[in-house]
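Reader: I would like a close look at a single part of this model, with its surroundings explained step by step.

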Amino acid sequence: MTQGIVPPYLLTRIAELEAPEFRDAATAAKQTLILDRPRRAARLSFTLDAEQNLVAELSAAPNRTIGNAKNTETLPGAEVRAEGQAAGKDVAVDEAYDGLGATFALYSEVYGRDSIDGKGLPLDGTVHYGKLYDNAFWNGGRMVFGDGDEQVFGRFTASYTVIGHELTHGVTQYTAGLVYRDQPGALNESISDVFGSLVEQYAKKQTAATATWLIGEGLFTKKVKGVALRSMKAPGTAYDDPRLGKDPQPADFAHYVHTTDDEGGVHLNSGIPNRAFYLVAHQLGGHAWERAGRIWYDTLLSGLTPKTDFAGFAAATVAAAAKRYGGSSAEVAAARAGWSGVGVTTNGAATGD
Amino acid sequence: MAQRQATEPSPAAAAIRILVVRSGGFAGIPQQWHVESRDDVDDWTTLVTACPWDQVGTDPASRDRFIWRIEARMPRTTRTAQVPDALLVGPWRALVDRVQDAGSHG
């Protein structure tokens, strides 16, 4: 099988093919061209069927563009790598490009989702944002990465978990639309950590047992005593550094952090649903993206309201597991056990706090 | 129930006191700076009053961006604002830059 990225001019040619054996490909190409006015890529596969006929198939493919802000805070920056262009000498550019591809692959190949919006939205990223800028963020339309301050943080493109995290903010924006404050905000953060971790696990073909369950591994410089920014398996243990202090994430609902900073501690309290996901994946075993990830993805699309809280989300995961795997399935039992393990009931009512 | 608040500087008899707390960000690790001064009250007052304290604005679309909590205790008044990173420009940026340069960190 040959695979390639199809540029728009070739899509146009395929759409014009009239030979019967190319009918399906022509139809797919026409739809691809109609669906999206912006330039758009698709993956073209050639195979031979049982009668040795050539079969051409089009499937979803990412359309990535990376900009370079050149250490300013101006977006999108100068375009430095477009879809299909070869890697260059700028590590941050190529890490961002590869991470966008790995994220697209998880959503497309595992969950059948065509990009962030499910409709092939182009994936845009900007690197080298700001001076000594120690952050990565999603601005509602693109991912933006700083180079780090070189004292605490290095490049924010260094981990697939960060890139998957940022793009998943886009997926949540187009689906559940969880508000970014308090419990719904912590769920929004956790969903980004869950799928950010799954992007890495899928790319490395890790199991729940072999995955690190770390978010942002490799972002800290060697001067920091810590392995990552967060641990989904053991929230509160990712770092313990004289300058930064100790990882403040709670691992269960009894230790939910009440604060006015950070939108109500969305980056702290995400530790609670993060660990619930880990417990579900651990109990089910195997590849976490297959069953645990599927339950979470189904939940994201299940019609959550923007102000869904932990208990509401937990109940929705059990409902999603029951719908897909059956009410008395191992998946439902695992979902219940996972939330119980962090002190959140799955009957819609919160405990603790 | 756990409580987590950024540590406030100890009260002092300073004429002005400005606290800047940066929270949020992908890492969620807060940073803070503060300055206390009796000497440059006019300069600081100019910087503080240049900021649009009552018209900060919001940035509802962004995720993982920093949020800047700025508290300015002046001789006659105390002002407080939560400024999204995307809006930390112009007079806000000038004030924060000055606090970061002149004040103590941590």
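Which backbone oxygen lies 3.4 Å from a polar atom of the side chain of A:Ser270?

Author: The model is predicted, and the values below are computed from it. The backbone oxygen in question belongs to A:Val266. A:Ser270 itself is found in the loop between α6 (262-269) and α7 (271-284) of chain A. With a relative accessible area of 0%, A:Ser270 counts as buried, because the cut-off for that word is under 20%. The side chain of A:Ser270 also has a polar contact with another side chain, that of A:Gln249, at 3.0 Å. A:Gln249 appears again once neighbours within four places in sequence are set aside: A:Ser270 is then in contact with A:Ala186, A:Glu189, A:Ser190, A:Asp193, A:Arg230 and A:Gln249.

Chain A also touches chain B. Chain A puts 41 residues into that contact, and chain B puts in 27. Between them the two chains bury about 2,600 Å², with 51% of it on carbon and sulfur atoms. There are 3 salt bridges between chain B and chain A. One of the salt bridges joins the side chains of B:Arg22 and A:Asp134, at 3.5 Å from N to O. Polar contacts between chain B and chain A come to 15 residue pairs, with both residues at pLDDT 80 or more. On the side of chain B that touches chain A, β1 (2-3), β2 (16-24) and β4 (66-73) each supply at least two residues. The largest share, 4 residues, comes from β2(B). By type, the residues on that side of chain B divide into 10 nonpolar, 9 polar and 8 charged.

Key
Residues numbered from 1 in each chain as written. Chains lettered and ligands numbered in written order. Predicted model: local features only at pLDDT ≥ 70, side-chain atom pairs only at ≥ 80, totals over all residues. Heavy atoms only, no water. Buried < 20%, exposed > 50% of the residue type's maximum accessible area, 1.4 Å probe, protein only. Polar contact = N/O pair within 3.5 Å; in protein donor to acceptor, adjacent residues only side chain to side chain. Contact = heavy atoms within 4.5 Å. Buried area = accessible area lost by both parts, 1.4 Å probe. Salt bridge = Lys/Arg side-chain N within 4 Å of Asp/Glu carboxyl O. Nonpolar A, V, L, I, M, F, W, Y, C, P; charged D, E, K, R; others polar.
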